[in-house]
Amino acid sequence: MSTYRLSQMLAPKGVAVVGASPRPASLGRIILTNLHEAGFKGKIGVVNPRYPEIAGLKTVGALPELGFVPDLIVITAPSRSVAKIITEAGELGDVNAVRAVGRALDDAVQEHHAVAPFLDGGVQV
């Protein structure tokens, strides 16, 4: 059994945080801060069309605008955006996606069922 996908997820060379905001207590901002404080050496991309920069990092409006293909995509965007983000992730190629939620598990399970039809062989969620 190959561990290629697992190593991409646990030791990525590039990470994209989708849905981060400049609010210090937002989940996406906390993830960006943790990446910085942990000394992450890979590329970090931030996707949020509403802000030109977050935590000192230039943002882009969508995943295809990053300029690199991240090994790991961390989705902190609102639930209504997740299906579109997963579709964009699949179009990038072989990537891993993690949905970071700060709410009830039942909501996350319902969201997974809503997104499942959009998944193909290219994205691991």
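**The S3–S4 hairpin and its surroundings**

Ala-55 is located in the loop that links strands S3 and S4. In this predicted model, the phi angle of Ala-55 is near 55°, a positive value in a residue that is not glycine. Most residues other than glycine have a negative phi. With a relative accessibility of 41%, Ala-55 is classed as partly exposed, because that category covers values between the 20% limit for buried residues and the 50% limit for exposed ones.

The loop belongs to a hairpin formed by S3 and S4, in which two residues separate the strands. Strand S3 spans residues 53-54 and pairs with S4 in the antiparallel sense through two bridges. Within this pairing, Glu-53 has Lys-58 of S4 as its bridge partner.

Strand S4, comprising residues 57-60, is also joined to strand S2, which covers residues 43-47. The S2 and S4 strands run parallel and are connected by two bridges. Here, Val-47 has Val-60 of S4 as its bridge partner. S4 thus takes part in an antiparallel pairing with S3 and in a parallel pairing with S2.

Thr-59 is situated in strand S4. The relative accessibility of Thr-59 is 9%, and the residue therefore counts as buried, since the limit for this class is under 20%. A polar atom of the Thr-59 side chain lies 3.5 Å from the backbone oxygen of Asn-48. Asn-48 also appears among the residues in contact with Thr-59 when neighbours within four places in sequence are left aside. The other residues in this set are Val-46, Tyr-51, Pro-52, Glu-53 and Ile-54. Of these, Val-46 falls within the residue range of S2, whereas Glu-53 and Ile-54 fall within that of S3. Contacts of Thr-59 therefore reach both strands that pair with S4, given that contact is defined by heavy atoms within 4.5 Å.

At the level of the whole protein chain, the secondary structure consists of four helices and seven strands. Along the sequence, these elements follow the order α-β-α-β-β-β-β-α-β-α-β. Of the 125 residues in the chain, 39% are buried. Among contacts with a separation of 6 or more, 65% involve residues 24 or more positions apart. The protein chain exposes about 7300 Å², and 58% of this area is supplied by carbon and sulfur atoms.

Notes:
Residues are numbered from 1 along each chain as its sequence is written. This is a predicted model: local features need pLDDT of at least 70, side-chain atom pairs count only at pLDDT 80 or more; totals for chains, interfaces and linings use all residues. Side-chain values use heavy atoms; hydrogens and water are left out. Two strands pair if DSSP finds at least two bridges between them. Buried means under 20% relative accessible area, exposed over 50%, partly exposed in between (1.4 Å probe, protein chains only). A polar contact is a pair of N or O atoms within 3.5 Å; within protein, one must be able to donate a hydrogen and the other to accept it, and residues adjacent in sequence count only if both atoms are side-chain atoms. Accessible areas come from the Shrake-Rupley method with a 1.4 Å probe; for residues, only the protein chains shown count as cover.
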